[in-house]
Amino acid sequence: MSVAVLLLVVAFAVLGPMLDTRNPLFAVGGRYDPPSANAILGTDVIGNDVFLQLMHGLGTSLKIGLIAGLVATAIGVFIGTLAGFLGGVVDELLMGFTNVVITIPTIVILILLSVALESRTLVSLALIIGVTSWPWTARAVRAQTASLRVREHVDIARLSGASVFSIILWEILPYMFSYIFMAFVLQLASAILSEAALSLLGLGPDNTISLGKMLQLAIQGEAIRTGAYWAFLPPTLLLTAISFSLLLLQSSLDEVFNPRLRRA
């Protein structure tokens, strides 16, 4: 079910803008026009087509989530594997730094870094989210690596003269691929929600639309007070569907890869 929902979401984000190439920031009607043949989901506070913005905004949110998820997972895996495999002083230093970072509220760092940017592009915002979201992945990967480094195949590789990075690359990471993929799925869901939170605060990407920015415009335009449900309900439901499907996918993968959780 989760895979089907994700495929539908991705198809909507990819194929939608290809089939309808109109500018989502170009007004097609008046303020909060209700759904009609001209705009099937109505218009927002400045007359933009909500359905058109939903297609393009979903693509923006997914791109930010994908980039941020990859960055956060890569940093977390790199720090976690080094700390878990090398141990000793390196482990203490890396995990000490990780513990310091993890105690700082992520939203505070996101706001400060976003405000410091002169221009917030899709990529820059994704990188900011990514470099602030890796600590918990590093801690989890470190624990996995520490248990794998005492396996026989790792000892054999070490005795054969393989380098540290060669052992990590060929003897450690392949055994954690399923775990790393599940961590990436969670990072993806978290990054999409982080973008929505930043956009709600007016710190979203410039000159483009996203699901979070649609909610920001709806709040600023008092859509809830005026009863224009079509301006805030679609992006809210879409964010909920994405997050729920990703979390459900992660739970399903955990059940597949972890024999203790498999149903009889």
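This passage describes the salt bridges and the two largest pockets of a predicted model.

Salt bridges come first. The count in this model is 6 salt bridges. One of them joins the side chains of D49 and R22, with 3.7 Å from N to O. Both residues sit in the loop between α1 (2-19) and α2 (50-86), so this contact ties together parts that are 27 residues apart in sequence. The acidic partner, D49, is buried, at a relative accessible area of 3%, while R22 is partly exposed at 39% relative accessibility. The contact also belongs to a wider arrangement, as salt bridges with shared partners join D20, R22 and D49 into one network.

A further salt bridge is found between D91 and R142, where the closest N and O atoms are 2.6 Å apart. Here the partners are both helical: D91 belongs to helix α3 (residues 88-103) and R142 to helix α6 (residues 135-148), and the pair links distant parts of the chain, 51 residues apart. D91 has a relative accessible area of 10% and is therefore buried, the limit being under 20%. R142, in turn, is partly exposed, with 28% relative accessibility.

R120 and D206 form another salt bridge, and their closest N and O atoms lie 3.9 Å apart. R120 is placed in the loop between α4 (106-116) and α5 (122-131), and D206 in the loop between α9 (177-200) and α10 (211-220), so the pair ties together parts that are 86 residues apart in sequence. In this pair the basic residue, R120, is buried at 13% relative accessibility, whereas D206 is partly exposed, its relative accessible area being 30%.

The pockets come next. The volume of the largest pocket is about 430 Å³. Its lining is made up of 22 residues, and V10, A13, L62, K63 and L66 are those nearest the centre. At least two lining residues come from each of α1, α2, α9 and α12 (229-257). Sorted by class, the lining of this largest pocket contains 18 nonpolar, 3 polar and 1 charged residues.

The second largest pocket has a volume of about 300 Å³. It is lined by 15 residues, with T73, A74, V77, L173 and I180 closest to its centre. Two or more residues of this lining are contributed by each of α2, α8 (164-172) and α9, and the largest share, 6 residues, is that of α2. The lining of the second largest pocket consists of 13 nonpolar and 2 polar residues, with no charged residues.

Conventions: Residues numbered from 1 in each chain as written. Predicted model: local features only at pLDDT ≥ 70, side-chain atom pairs only at ≥ 80, totals over all residues. Heavy atoms only, no water. Salt bridge = Lys/Arg side-chain N within 4 Å of Asp/Glu carboxyl O. Helix = DSSP H or I, 4+ residues; strand = E, 2+ residues; numbered from the N terminus. Buried < 20%, exposed > 50% of the residue type's maximum accessible area, 1.4 Å probe, protein only. 1 Å grid on protein atoms, 1.4 Å probe; cavity = no way out; pocket = protein on both sides within 12 Å on 5 of 7 lines; lining within 4 Å. Points joined across faces, edges and corners; volume = space filled by probe spheres on them. Nonpolar A, V, L, I, M, F, W, Y, C, P; charged D, E, K, R; others polar.
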